[in-house]
Amino acid sequence: MKYIKGVHRHGSEIFLSVLKDSKSLETMNITKSATTIKGISSIISEYNGIIWYNKYSKNKIRYNFEKKTKDYYRIKIEFNKGFFNIRPNTPYIDLKKYLELTINHYIEIWNEYKNKEYAPIHGDLSLVGNVMFNNNEEAMFVDWEQFDNSSVMPTGIDPIMTIIENVWYETIIHKKITDDTLQHINKLIQNLNKANLLSPLLQKKPAQNAVKFIKANIEIWKGQHYKLPSLKIPNKFIEEIDYIVTNPH
Ligand SMILES: Nc1ncnc2c1ncn2[C@@H]1O[C@H](COP(=O)(O)OP(=O)(O)OP(=O)(O)O)[C@@H](O)[C@H]1O
Ligand SMILES: [Mg+2]
């Protein structure tokens, strides 16, 4: 059974179709296709991102990239069995383990970029949609539409964005960041730093500087930056994240 999940989803100019097994209803693969300059550019980023990721990841993403005509590109992505997404609106306390697995997987994949100021960027390491997990406590990064390896972004910016995203969700529910969350965020950022995967450009005021770099390189998001939690979160929470990193207690 094949169905179209979305057309021009979030203004991305990509068509997404999903193939499910008609008996088990299990998703087998997805196909992303595009016919516009912006859409094709996202498909090419996805293709380059998957190639880059597969070089370092134990769990490979199987894909079929097709340039049908000069203005019709598509990519089919096979689903990796056993991997699941975290449910949206999961409270921060239940996310802790998954955030730790995400940071650890980042450390594993970006290993060659230790002590480097700049590194390739996934660009949309959203815990809910684009990080997947299995029962063996493995993480996998999918959805490479915003991948950029021109190395203009500081090493470690992806996990800082993931952290900001989940803080933002917490502030929507509780109107504040709890002390427990702040302590946990600090631990995550310190772990990244201990692994030498936090650029000197993000060591002071990581959240504020991450936002600064996103704004200075907005073209990476191909018009979709408005979706980014890092740009939506009120500045006072950005300051709170940065404060705890400089003044842990
Ligand atoms: N290799 C994979 N193995 C298992 N599941 C995958 C894989 N790739 C993608 N998925 C699943 O398909 C979903 C959609 O894929 P992807 O994130 O690449 O597209 P998207 O453009 O973000 O679509 P959406 O708007 O639906 O999130 C993912 O959130 C994930 O649940
Ligand atoms: Mg996605």
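From which domains does the shell around ligand 1 draw at least three residues each? In this predicted model, the shell draws at least three residues from domain 1 (2–78) and at least three from domain 2 (92–246), and the legends below begin with that site.

**Figure 1. The surroundings of ligand 1, with residues of domain 1 and domain 2 in the shell.** Of the 14 residues around ligand 1, those that come nearest are Phe79, Asn80, Gly129, Val142 and Asp143. By class, the shell around ligand 1 divides into eight nonpolar residues, four polar residues and two charged residues.

**Figure 2. The contact between domain 1 and domain 2.** The domain assignment of the chain gives domain 1 as residues 2–78 and domain 2 as residues 92–246, and the C-alpha centres of these domains lie 24 Å apart. Across the contact, 17 residues of domain 1 meet 17 residues of domain 2. On the side of domain 1 that touches domain 2, five residues are nonpolar, 10 are polar and two are charged.

**Figure 3. The largest nonpolar core, with 51 residues.** The residues with the most contacts inside this core are Ile43, Ile157, Ile160, Ile164, Ala207, Ala210 and Ile241. Helix α3 (residues 157–174) gives the most to the core, contributing six residues, and the core draws at least three residues from each of domain 1 (2–78) and domain 2 (92–246). In soluble globular proteins, nonpolar side chains tend to be buried together. Around alanine 210, once its neighbours within four places in sequence are left aside, the residues in contact are Ile157, Ile160, Met161, Ile164, Leu202 and Ser230.

**Figure 4. The hairpin of strands β2 and β3.** Strand β2 (residues 15–20) pairs with strand β3 (residues 27–34) in the antiparallel sense, over six bridges. Within this pairing, valine 18 stands opposite isoleucine 30 in β3. The hairpin has six residues between the strands, and leucine 25 takes a positive phi near 60°.

**Figure 5. Asparagine 89 and asparagine 115, two loop residues with positive phi.** Most residues other than glycine have a negative phi, and most peptide bonds are trans. Asparagine 89 is found in the loop between β5 (72–78) and α2 (92–109), where its phi is near 65°, a positive value in a residue other than glycine. Asparagine 89 counts as exposed because it has 9 C-beta neighbours inside 10 Å, given that a residue is exposed if 12 or fewer lie within that distance. Asparagine 115 lies in the loop between α2 and β6 (131–133), and although this residue is not a glycine, its phi is positive, at about 65°. With 9 C-beta neighbours inside 10 Å, asparagine 115 therefore also counts as exposed.

**Figure 6. Glutamate 117 and its contacts with residues distant in sequence.** Glutamate 117 has its place in the loop between α2 and β6. This residue counts as partly exposed because it has 13 C-beta neighbours inside 10 Å. Leaving aside its neighbours within four places in sequence, glutamate 117 is in contact with Pro154, Thr155, Ser199, Pro200 and Leu201. The C-alpha atoms of glutamate 117 and leucine 202 are separated by 9.2 Å, although these residues are 85 residues apart along the chain. Leucine 202 is also one of the residues in contact with alanine 210, which is among the residues with the most contacts inside the largest nonpolar core.

Notes. Residues numbered from 1 in each chain as written. Chains lettered and ligands numbered in written order. Predicted model: local features only at pLDDT ≥ 70, side-chain atom pairs only at ≥ 80, totals over all residues. Domains from an automatic or database assignment. Contact = placed C-beta atoms within 7 Å. Nonpolar A, V, L, I, M, F, W, Y, C, P; charged D, E, K, R; others polar. Core = buried A, V, L, I, M, F, W, Y, C linked by C-beta atoms within 7 Å. Buried ≥ 20, exposed ≤ 12 C-beta atoms within 10 Å, placed from the backbone. Helix = DSSP H or I, 4+ residues; strand = E, 2+ residues; numbered from the N terminus. Pairing = 2+ DSSP bridges. Near = placed C-beta within 6 Å.
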